[in-house]
Each structure stands twice: as structure tokens, then as C-alpha cells.
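This report walks through one protein model, moving from single residues to the whole chain and then to the confidence of the prediction. Please keep the sequence and the structure open while reading.

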Amino acid sequence: MRRPPLALAALAAALVLAGCASVAPDGLRGDVQSHVQPRLPDGAQLPAPDAQSRSDAQAQITEWLRLPVDADTAVRVALLNSPALQARLANLAAQDAQRAQALTLFNPTLTLGRFTSGHEREIERQLGFSLVNVITLPWRTRWQGWQMEQATLAAAQDVLRLAADTRRAWLRAVAARQVLAARERMHEAAEAGGELARRMARVGNFSRLQQAREIAITQDAAAQLARARLNAALEREQLARLMGLWGAQADFTLPDALPALPAADALRSGDDAEATALRERLDLRALRRDLDTTADRSGWAGVGSVFGHIGLSYSRNTATERASGHRETTRGWEVELPLPLFDWGGAATGRARAELQHSAAQLQDAAIRARSEARSHWLRYRTAWDLAHQQQAEALPLVRFMQDEAVLRYNGMFISVWELLAEARRASQAVAAATEAQRDFWLAQTDLQLALTGTSPGAPTGLPSAPTTPNAPSEGH
């Protein structure tokens, strides 16, 4: 066999190099980090896949857990330590490997044959490859890049959801501790009243009905205390699970109180809430990219259905006569073309048109939902601040004033001890209500931040995958 021309060899080398797509060394973690970094606390990092980085992350987490864990620290620990997030990022790396595999040119096929007759022996050699796979490589590279951008944005949404879930869990856990302390004070006041009622009834200064009323108050306070203890334990357990902590690490400490309410002039304005959501939300970016991919691929659908399997092969056959030893060699090339006798691409074109309409409608629906969520979550955020501020600025000072006045009147023997204990229980209840209102504001603030710059706070994880056209060029061979 003669050597192929130099130009043919250079072309073959160029095709091989063009078909060797590479896999991102970090599994696209850097791309995800760039999407979420402005939306996370300072210093928040995603977990790295190598063992040394994981060991360094565990040492850092141990240092963080030595101090009371604030909300930002809880988010940092969750991002580094959550097995669910590590599994999600590993799946993204697998998708990137699939992209590289799809962009690698198909290996050529080598066909060998040996045939003999009475006076002749024939050897056939044929080298073939998919011509469409080579021609459409630039388009497929663009489509696969867009699809990986979608996958990266979907992973970034999952990161932001984990951060928001962790922050909510931290707020609920700290608020549950505060409410538990208030319930303990209520229970102490109720127990004091119940004990006093038993002693007074024993000496005949209290009726059985009055004693039963105080005992009922004590029992109700005990039930509320039990529920508060259970809630505090469950909320702490939820936070530990999201942070990926167990064993000795789960024995972390939390602050005694929630962050103070921001001032009125520091609240986020709702004037540009809709515009911010349309500009910043990652789920909308992913759907826009899905629409771009579907629109770009729709032009290929009909042609690919008909001419998606064009093949090119080179043959060299040798025939040798047994008697004389005479050898005859034939060379040549073949092009394999499908004949559009039955399928003219109409069905594939119709499907592509429907998929394009589906992607456009999906993006429009998501944009409408984003606008609505921006408005509704801002209203919840603003109303929650008004309620919490009313509790802090009006309700609690009023209750404290009433309690101080009750103490003064009790010292002056103008009211009974029962009224003093009732005021103490009322003050503890007001503290619990103010704590819950403060918690609700910070929860609303977390939901608003996610709705404006991340994704839908109540949306399911991930995005629907782009449909694959059966006769797309990536499947030709």
C-alpha cells in the first residue's frame, strides 16, 4: 500500500485533534463557584474532589465549630461538608465527561475479509468513518457547551437552595432556643402559682375550684414547655443534618439570640424587585440557554433525519492467483448515502418545532412566576418587618411596663400574688411571640434573596433536560 498523500495525513491528524474534547479538571466546580459567589457569605467555598482538600476542609470546619455558629458559618460548613452537595457536584462532573465523550469523533471502523475460490485468494481491507460526525463537529461543540452551561446553572441553583435551607434551619434553631427559654420562665411562674395554691388549699384559704384552675395553668405550661423542648431539639437536628455533622461535631453551640432587626432605612426596596429577578435569577438564565439550544438545533432536525448517516470509506483489496502467484490490487473509496424514499424529515421537523414552542412557553411561564414571586416575597418581607418591629418597639415595652407596675402594686399590697404571676406568664408569652415574629422576618428575608437572585424558593431541584432528537448528528455513525 502506498503512503497517503501528505495533505491527507495532515487532515486526518487535524480531525483526530479536533475530536479529542477535554474534561474539566475540577468537574466544573469553578464555573459553579463563579455563579454563586456573589450570592453567598464571604469565604464560602464549594468542596474539592481531592483527598487533601477534603482533609483541609475538615480541619477548617473543626475550627469554626469551636465558636458559636452564626448563620454565615453554618452556610460555609454546609457547603463544604454536605454529602448531598458533593453527590450533586460529582454528577455535574459526570455530565461534563459525557459532553467530552459526545464531542470525541467516532473511531473509524476497519473491516477485514479473506475469501478463497478454486484458483484465487482475495483479501479485502476497508477503513470507514462517519462523514456527518466530522462535518457537524462545530455545531455539536456549540450545542454541548450550551447544555453544559444549563447543567452548571442547575447545579448553582442547588447550591443556593442548600445555602438558603441551612440559613432557614439556623434561624429556626436559634429562635427555638429563645422560645424554649421563654417557656421555661412561664413554667416556673406557673409552678410557683400551683405550689402556692396547694399550700393555701391545705390550710383552707383556697377553694378546690381555685386550686384546680392553678393546677390547669401549670399543666398547660408544662405541655408547652415539652413541645418547646422537642421543637428546639428537632430544629437543631435539622440544622446538623444540613451541615453534614454527626457524632462529636454535632455538639456545636448556637448564639443565644437572633440578629437584631435592621433599621427601616436599611430595608430592601421593592421598586426594582421584578427587574432584579428577571436579570439575576439563575433558573431564567438556564431556560434562556435551553431556548437558544433548541432554536439552534431545530434547523438541523429535518436535514439530520434524512441525511444523518452519511458514511465515507476507503478500500484496498488484493486478489492472488494460486497457480501463478499473480497479484492484482484494487483501491477506491465509497460514500454511503441514505435514500429519502419513506422519511423526508417531516416528523422530525414537526417535533423540533413543538420542542421550540415548549422551550419558549417554559421560559415565559418561568418569567411570569419570577415576577410574581419577587412581588409576593417582597410583600411578605416588608410585612414581616412591620410585625416584628411592632413587637419589639411597642408590644414588649408595654408588657414590661405592665410587669413593672404589677410588681409595684404587689409591693404596695394593691394586687394579689396571682395577678403578679399572671403578669409574669404574660410577659414570657410576649417574649416568645416577639421572637417568632423576629424569626419570621429573617426567614422572609432569606426567601426574598433567593427569589430575586437565585431561583424559586419552592422549586424542585434541577431543570428538565433538553429533549434529544433521535437523528441528531451526535448520534450518527
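Leaving aside its neighbours within four places in sequence, which residues is leucine 85 in contact with?

## Leucine 85 and its surroundings

The model shown here is predicted, and the question above can be answered from it directly. Leucine 85 is in contact with Leu46, Pro47, Leu79, Val159 and Leu162, once the neighbours within four places in sequence are left aside. The residue belongs to helix α5, which covers residues 83-103, and with a relative accessibility of 4% leucine 85 counts as buried, because that value falls under the 20% limit.

One of these partners deserves a second look, since it shows how the fold brings together parts of the chain that are separated in sequence. Leucine 85 and valine 159 are 74 residues apart along the chain, and yet 7.1 Å separates their C-alpha atoms.

## The protein as a whole

The protein contains 12 helices and four strands, and 41% of its 477 residues count as buried. Its exposed area is about 26100 Å², of which carbon and sulfur atoms supply 56%. If one takes the contacts in the protein with a separation of 6 or more, 81% of them are made by residues 24 or more positions apart.

## The largest nonpolar core

In soluble globular proteins, nonpolar side chains tend to be buried together. In this model the largest nonpolar core has 71 residues, and the members that touch the most other members are Trp170, Leu239, Met243 and Phe441. Helix α7, which runs over residues 137-202, gives the most to this core, with 16 residues.

Methionine 243 can be followed further, since its contacts beyond four places in sequence are with Leu65, Val69, Ala74, Val77, Ala78, Asn81 and Thr166. Asparagine 81, one of these partners, is found in helix α4 and counts as buried at 8% relative accessibility. Apart from residues up to four places away in sequence, asparagine 81 touches Gln58, Ile61, Gln86, Met243, Gly244, Leu245 and Gln249.

## Helices α7 and α8

Two further pairs of residues are useful to locate in the model. Glycine 194 lies in helix α7 and is buried, with a relative accessible area of 1%. When residues up to four places away in sequence are not counted, glycine 194 touches Glu214 and Thr218, and the C-alpha atoms of glycine 194 and glutamate 214, which are 20 residues apart along the chain, are separated by 5.2 Å.

Glutamine 238 is found in helix α8, which spans residues 208-242, and at 32% relative accessibility this glutamine counts as partly exposed. Between the C-alpha atoms of glutamine 238 and tryptophan 170 the separation is 8.8 Å, although the two are 68 residues apart along the chain.

## Where α9 meets α12

Two packed helices are described by the angle between their axes and the distance between the axes. The axes of α9 and helix α12 (residues 417-453) come within 6 Å and cross at roughly 55°, and the two helices are therefore oblique to each other. On the α9 side Ala273, Thr276, Ala277 and Glu280 take part, and they meet Ala451, Leu452 and Thr453 in α12.

Arginine 281 is found in the loop between α9 (273-280) and α10 (282-307). Is this arginine buried or exposed? Arginine 281 is buried, with a relative accessible area of 0%. Its contacts, leaving aside neighbours within four places in sequence, are with Thr276, Ala370, Glu373, Ala451, Leu452, Thr453, Gly454, Thr455 and Ser456.

## How confident the prediction is

The mean pLDDT of the protein is 81, and 83% of its residues reach 70 or more. Among the elements of the protein, helix α4 (residues 71-81) has the highest mean pLDDT, at 93, while helix α1 (residues 6-18) has the lowest, at 49.

Over residues 459-477 the pLDDT stays under 50, and for this stretch the model has 46 contacts beyond four places in sequence. Where pLDDT is low, the predicted coordinates should not be read in detail.

Key
Residues numbered from 1 in each chain as written. Predicted model: local features only at pLDDT ≥ 70, side-chain atom pairs only at ≥ 80, totals over all residues. Heavy atoms only, no water. Buried < 20%, exposed > 50% of the residue type's maximum accessible area, 1.4 Å probe, protein only. Contact = heavy atoms within 4.5 Å. Areas by Shrake-Rupley, 256 points an atom, 1.4 Å probe, with all protein chains shown as cover. Core = buried A, V, L, I, M, F, W, Y, C linked by side-chain atoms within 4.5 Å. pLDDT = per-residue confidence, 0-100. Axes fitted to C-alpha atoms, helices over the stretch in contact; angles between N-to-C directions. Parallel < 35°, antiparallel > 145°, perpendicular 65-115°, else oblique.
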